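Got the structure open in your viewer? Let's walk through it together, one selection at a time.

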Amino acid sequence: MSSIRFFTNAEVAAVLDYAGLIDALRSGLAHPGTAPNRQAYALPEGQASLLNMPVWQKGQGIGVKLVTVFPENSQRDLPSVAAVFALFDDVTGQPLALMEASELTARRTACTSALAADYLARRDALSLTIVGTGTLAAHMVRAHTAVRDYSRIEIWGRDYSKAKALAERLQGEGYPVSASDNLAQSVGHANVVTCVTTSREPLVLGEWLTPGCHLDLVGAFLPSMRETDSAAVARARIVVDTREGALEEAGDLLFALGDGVIQESDLNTELRHVLQGDGIRSDNQEITLFKSVGYAVEDLLAAQYVLHNM
């Protein structure tokens with residue numbers, strides 16, 4: 001019996017490069033996998049949550065990710081998300097690896113976002129706006145620039161000083177990033193808008209969106225969370241990571257459904273359909289929206305990538 005390999009966040013980060021992971025997701029997410037709706041439990045600490053995410057796919061293995069989300073950790077200078085991922089062989093059921101999954105989660109989330117944008121954003125997109133300054137924000141910049149050569153990237157956050165500090169750090173990495181103190185303006189001139197917050201109130205309004213923009217909603221993962229108003233959702237053609245997960249957890253879409261501005265039939269296009277050639281951008285005026293609540297097959301593919309490339 002082989003021994004179980006353990007990978008730290010630092011080891012995961014060293015091998016899980018953005019371009020390579022995007023290619024792995026491009027291939028793997030086009031094929032069916034099984035990822036039952038994650039179980040989410042409210043914890044007594046503030047608005048904290050515990051998530052349990054099982055997954056399996058033929059040839060890629062079996063996995064389980066356990067995640068804690070503590071939104072108030074920003075006040076402690078700690079990441080809001082912490083996780084571990086267990087990987088098993090799908091033929092024998094034997095455990096193969098256990099890895100810290102905070103870095104894995106952030107990178108697979110950002111790379112899935114960038115992968116969707118590769119098909120849904122305009123080919124001539126030059127401007128990217130990141131809404132939020134948490135752990136995911138820097139990963140979004142790095143991942144999205146792996147599929148587009150953006151000439152302008154702006155980061156907006158409720159705390160401008162955090163946006164400025166993050167922008168300066170990313171400038172040091174060579175990215176054309178600046179901090180924004182005007183969200184409406186930044187959204188208005190962006191070709192791609194990526195939201196990575198845990199907001200429970202709309203931040204991006206539909207009236208700000210310009211024809212041809214791509215709206216990427218990543219942060220809200222509970223029915224009570226939303227990063228946009230219903231008007232923004234109503235203006236866009238929607239793609240989801242999974243329809244089942246969206247109908248269960250995607251607050252932005254559930255609020256819009258409740259307001260009657262979209263129908264459940266508007267959520268029939270999944271990312272796998274786009275990867276198979278259906279549902280890509282139709283023209284340069286279309287507003288597109290990708291809503292991700294987290295698809296555990298992404299974790300499985302990322303974990304296999306780590307195991308095979310370490």
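Start by selecting D17 and G20, where helix α2 begins: a side-chain oxygen of D17 comes to within 2.7 Å of the backbone nitrogen of G20. Keep in mind as you look that this is a predicted model.

**Along helix α2**

Now extend the selection to the whole of α2, residues 18–28. Its buried residues are Y18, G20, L21, I22, L25 and G28. What do these buried residues of α2 pack against? Show β3, α3, α4, α10 and α11, and you have the partners. While the helix is on screen, recall that an α-helix has 3.6 residues a turn, so residues three or four places apart point the same way. You can look for that spacing among L21, L25 and G28, which are all in the buried set.

**Over to E298**

L25 leads to the next stop, because E298 is in contact with L25, leaving aside neighbours within four places in sequence. Select E298, which lies in helix α11 (residues 296–309). Is E298 buried or exposed? Its relative accessibility is 1%, so E298 counts as buried. Add T112 to the view: the side chains of E298 and T112 are joined by a polar contact of 3.4 Å. The other contacts of E298, with the same sequence neighbours set aside, are L29, R108, T112 and D241.

**G294, just along the chain**

Two of those residues turn up again at G294, which touches R108 and D241 as well as R38 and M53, not counting residues up to four places away in sequence. G294 sits in the loop between β13 and α11. For a sense of scale, put a distance label between the C-alpha atoms of G294 and P95: they are 23 Å apart, with their positions 199 residues apart along the chain.

**The second largest pocket**

D241 is also a good way into the second largest pocket, since D241, A35, T242, Y295 and A296 are the lining residues nearest its centre. The volume of this pocket is about 310 Å³, and 22 residues line it. Colour β3, α8 (243–249) and α10 (271–275), each of which supplies at least two lining residues. Which element gives the largest share? That is α8, with three residues. Colouring the lining by class gives 10 nonpolar, six polar and six charged residues.

**Helix α9**

With α8 still coloured, select α9, residues 251–258. G251, D252, L253 and A256 are buried here. The buried residues of α9 pack against α8, and also against β11 (214–217), α7 (230–234), β12 (237–240) and β13 (288–291). Just past the end of α9, pick out G260, whose phi is positive at about 75°.

**The largest pocket**

Next, bring up S80, G134, T135, V196 and T198, the lining residues that lie nearest the centre of the largest pocket. How much space does the largest pocket hold? About 1200 Å³, with 42 residues in the lining. Show β3 (49–57), β4 (61–69), α3 (102–120) and α4 (135–144), the elements that give two or more residues to this lining. The largest share, five residues, comes from α3. By class, the lining has 16 nonpolar, 18 polar and eight charged residues.

**Into the nonpolar core**

V196, from that pocket, is also a contact of I130, so select I130 next. With neighbours within four places in sequence left aside, I130 is in contact with A137, M140, V141, I153, E154, I155, W156, T194 and V196. I130 belongs to the largest nonpolar core, which has 71 residues. Alongside I130, the residues with the most contacts inside this core are L16, L29, F85, M99, L104 and I155. Then highlight W156, A190, V193 and A232, which are among the 27 residues of a second, separate core.

**Two loop stops to finish**

Go to the loop between β4 and β5 (81–88) and select D77. Most residues other than glycine have a negative phi. D77 is not a glycine, yet its phi is positive, at about 60°. The relative accessible area of D77 is 72%, so D77 is exposed.

Last, select G46, in the loop between β2 (39–42) and β3. Its relative accessibility is 48%, and therefore G46 counts as partly exposed. Add P71 to the selection: G46 and P71 are 25 residues apart in sequence, while their C-alpha atoms are 8.2 Å apart in space.

Methods. Residues are numbered from 1 along each chain as its sequence is written. This is a predicted model: local features need pLDDT of at least 70, side-chain atom pairs count only at pLDDT 80 or more; totals for chains, interfaces and linings use all residues. Side-chain values use heavy atoms; hydrogens and water are left out. On a 1 Å grid over the protein atoms alone, a cavity is a set of points where a 1.4 Å probe fits but cannot get out, and a pocket is an open set with protein on both sides within 12 Å along at least five of seven lines; lining residues have an atom within 4 Å of a point. Grid points are joined across faces, edges and corners, and a volume is the space filled by probe spheres set on the points. Helices (H or I, at least four residues) and strands (E, at least two) are DSSP runs, numbered from the N terminus. Ala, Val, Leu, Ile, Met, Phe, Trp, Tyr, Cys and Pro count as nonpolar, Asp, Glu, Lys and Arg as charged, and the others, Gly among them, as polar. Buried means under 20% relative accessible area, exposed over 50%, partly exposed in between (1.4 Å probe, protein chains only). Contact means heavy atoms within 4.5 Å. A nonpolar core is a set of buried Ala, Val, Leu, Ile, Met, Phe, Trp, Tyr and Cys residues joined through side-chain atoms within 4.5 Å. A polar contact is a pair of N or O atoms within 3.5 Å; within protein, one must be able to donate a hydrogen and the other to accept it, and residues adjacent in sequence count only if both atoms are side-chain atoms.
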